[in-house]
Amino acid sequence: MAYDPNNIFAKILRGEAPSFKVYEDDKTLAFMDVMPQADGHILVIPKFPAESLFDLDPDYMAAVALTTQKLAPAVKRAFKAPGIMVAQLNGAEAGQTVFHLHMHIIPRFNGVDMKLHARQLADFELLKQHAERIKAEIK
Ligand code: 5GP
């Protein structure tokens, strides 16, 4: 499949669609997942047109990994989460639904199941507050 420049994350990168931004640098952007599987679920994306791991420039893959490593502890602190899941899906068969590479960073707690994937829109005011909580913990 060819990269679709009109996918929702490409639109967020171009500022054509809104997002609750958590972090940005020259190669990556991170924002709240709008249908979170747990409170504090964020996404890290490269500023590079790649559907998946298989077509992402290695420098941008490194940048995504570094941003993930920077933000996962901030999410952990902000939500006092004992565990943090990092996930990245490649291809519809793997469950990918937005075809611009992204890392999921999801807080996990003992005995708390994750909500269903990409299913229920969160309250926007709550997402805004969660973004602020995470931003305050970025070191
Ligand atoms: P995937 O299934 O491709 O691994 O994950 C896509 C993620 O993007 C899902 O967790 C879904 O909730 C999230 N998502 C889908 N549309 C939007 C959107 O318009 N804005 C944001 N912030 N997240 C989205």
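In the predicted model, Ala118 has a relative accessibility of 32% and therefore counts as partly exposed. This residue is placed in the loop between β5 (103–108) and α3, and its phi is near 50°, a positive value in a residue other than glycine. A second case is Lys80, whose phi is near 45° and thus likewise positive in a residue that is not glycine. Lys80 is found in the loop between α2 and β4 (83–87), and with a relative accessibility of 70% this residue counts as exposed, because the cut-off for that class is a value over 50%. As background to these two backbone values, most residues other than glycine have a negative phi.

The loop that holds Lys80 begins after α2, and the helix α2 itself packs against α3 at an angle of about 115°, with the two axes 8 Å apart. The two helices are therefore roughly perpendicular to each other, since angles from 65 to 115 degrees are placed in that class. The crossing of α2 and α3 is right-handed. On the side of α2 the contact is made by Ala74, Val75, Ala78 and Phe79, and on the side of α3 by His130, Arg133 and Ile134. By residue class, the contact of α2 with α3 divides into five nonpolar residues, one polar residue and one charged residue. The charged member is Arg133 and the polar one His130, because Arg counts as charged, whereas His is neither in the nonpolar nor in the charged group.

Helix α2 also takes part in a salt bridge, in which Arg77 is paired with Glu137 and the closest N and O atoms are 3.3 Å apart. Glu137 lies in the segment after α3 (124–135) whereas Arg77 belongs to helix α2, so the pair ties together parts of the chain that are 60 residues apart in sequence. Both partners fall into the intermediate class of accessibility, because the relative accessible area is 27% for Glu137 and 29% for Arg77, and values from 20% to 50% count as partly exposed.

In total, the count comes to five salt bridges. One of them joins the side chains of Lys47 and Glu24, with an N to O distance of 2.7 Å. This pair, too, links distant parts of the chain, as Lys47 is in the loop between β3 (42–46) and α2 (58–79) while Glu24 is in strand β1 (residues 21–24), the two being 23 residues apart. Lys47 is partly exposed at 28% relative accessibility, and Glu24 is partly exposed at 40%. The pair does not stand alone, for Lys21, Glu24 and Lys47 are linked in a network of salt bridges.

A further salt bridge is formed by Glu16 and Arg14, whose closest N and O atoms are 2.8 Å apart. The two partners of this bridge are assigned to separate accessibility classes: Glu16, with a relative accessible area of 52%, is exposed, whereas Arg14, at 41% relative accessibility, counts as partly exposed. The assignment of Glu16 follows because a residue counts as exposed over 50%.

Note on methods. Residues are numbered from 1 along each chain as its sequence is written. This is a predicted model: local features need pLDDT of at least 70, side-chain atom pairs count only at pLDDT 80 or more; totals for chains, interfaces and linings use all residues. Side-chain values use heavy atoms; hydrogens and water are left out. A salt bridge is a side-chain nitrogen of Lys or Arg within 4 Å of a carboxyl oxygen of Asp or Glu. Buried means under 20% relative accessible area, exposed over 50%, partly exposed in between (1.4 Å probe, protein chains only). Helices (H or I, at least four residues) and strands (E, at least two) are DSSP runs, numbered from the N terminus. Axes are lines fitted to C-alpha atoms, for helices over the stretch in contact, and angles run from 0 to 180 degrees between N-to-C directions. Angles under 35 degrees count as roughly parallel, over 145 as roughly antiparallel, 65 to 115 as roughly perpendicular and the rest as oblique. A crossing is left-handed if the near helix is turned anticlockwise from the far one by less than a right angle, and right-handed if clockwise. Contact means heavy atoms within 4.5 Å.
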